[in-house]
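Got the viewer open? Let's walk through this one stop by stop, selecting as we go.

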Amino acid sequence: MVIDVSELFSNKNKRKELHLDLEKDKFFYDNEFIQFSKPVKMNLTLKSKDDEIDLTGSMETELLLACSRCLETFSYSIHIELNERLSKTLKSEDEDIIFIENDRLDLNEIMENNIISMLPIKKLCKKDCKGLCHNCGINLNHSTCKCTIDDVDPRLAKLKELFLTD
């Protein structure tokens, strides 16, 4: 969603309140699709100050993520406090300022960047997720497999033979 902010840049000390429910299906990040199970609720306050706009507010939604261990999809709720600075002039010394072209603010970009920063490094459906069997691929959270795991480093295979009893 794109918002026109020209009136905020032209009138100093002007304030604008936005309450939005954005319908979004998914976006692509880190070789996977991040899906939304609920609309993104955004409560924003835009306040002009000199040649910048301060964007503050909150955002909440629920994502559908794939577990890193068992690959099953699970719900992940997020609530993010937003605090961004926007400007029409490109300032190379300050990397925290979002550059706005043609007085148009793209909320999708702000939303996606903040969601990406809140994603866990290791996405787990539950803390004690057992994952998948390395041999047969069965989900160990739902059932057990009959595989015998005999992971021996090939460099130590001869050493293992010493401990075998006939």
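Start with helix α2, which gives the most to the lining of the largest pocket: 4 residues. Keep in mind as you click around that this is a predicted model. Now widen the selection to the whole lining: E84, D96, I98, F99, I100, R104, L105, D106, E109, I110, N113 and N114. Besides α2 (107-118), the elements that give two or more residues to that lining are β8 (97-99) and β9 (104-106). How much space lies in the largest pocket? About 170 Å³. Colour the lining by residue type and you should get 5 nonpolar, 2 polar and 5 charged residues.

Next, click on S87, in strand β7. Buried or exposed? S87 counts as buried, because its relative accessibility is 0% and the cut-off for buried is under 20%. Show what is around S87 and, leaving aside neighbours within four places in sequence, you'll find contacts with F9, D51, E52, I97, I98, F99 and I100. Among these, I98, F99 and I100 also appear in the pocket lining you just coloured.

Strand β7 covers residues 73-87, and the loop between β6 and β7 is where to find C70. Despite its place in a loop, C70 is buried, with a relative accessible area of 5%. Select what C70 touches beyond four places in sequence: C125, C129, G131, L132, N139 and N141. For a sense of scale, draw a distance from the C-alpha of C70 to that of M118; these two are 48 residues apart along the chain, and the line should read 21 Å.

Now hop over to strand β6 (residues 52-66) and pick E62. This glutamate is buried, at 16% relative accessible area. What does the side chain of E62 make a polar contact with? The side chain of S75, at 3.5 Å. S75 is also one of the residues that E62 touches, along with Q35, F36, S37, K38, Y76 and S77, if you skip those up to four places away in sequence.

F36 leads us to the aromatics. The structure holds 2 aromatic pairs. Select F27 and F36 for one of them: the ring centres are 5.9 Å apart and the planes sit at 45 degrees, so this pair is tilted. Both partners are buried, F27 at 6% relative accessibility and F36 at 9%. For the other pair, select F28 and F33, whose ring centres are 5.0 Å apart. Their planes are at 65 degrees, so this pair counts as edge-to-face. F33 is partly exposed, with a relative accessibility of 47%.

Last stop: the loop between β3 (26-29) and β4 (32-36), where D30 is located. N31 is in that loop too. What is the phi of D30? Positive, at about 55 degrees, although D30 is not a glycine. N31 isn't a glycine either, yet its phi is also positive, about 65 degrees. Turn on the surface here: D30 is exposed at 54% relative accessible area, and N31 is exposed at 70%.

Definitions and conventions
Residues numbered from 1 in each chain as written. Predicted model: local features only at pLDDT ≥ 70, side-chain atom pairs only at ≥ 80, totals over all residues. Heavy atoms only, no water. Buried < 20%, exposed > 50% of the residue type's maximum accessible area, 1.4 Å probe, protein only. Polar contact = N/O pair within 3.5 Å; in protein donor to acceptor, adjacent residues only side chain to side chain. Contact = heavy atoms within 4.5 Å. 1 Å grid on protein atoms, 1.4 Å probe; cavity = no way out; pocket = protein on both sides within 12 Å on 5 of 7 lines; lining within 4 Å. Points joined across faces, edges and corners; volume = space filled by probe spheres on them. Nonpolar A, V, L, I, M, F, W, Y, C, P; charged D, E, K, R; others polar. Phe/Tyr/Trp six-rings, centres within 6.5 Å; stacked < 30°, edge-to-face > 60°.
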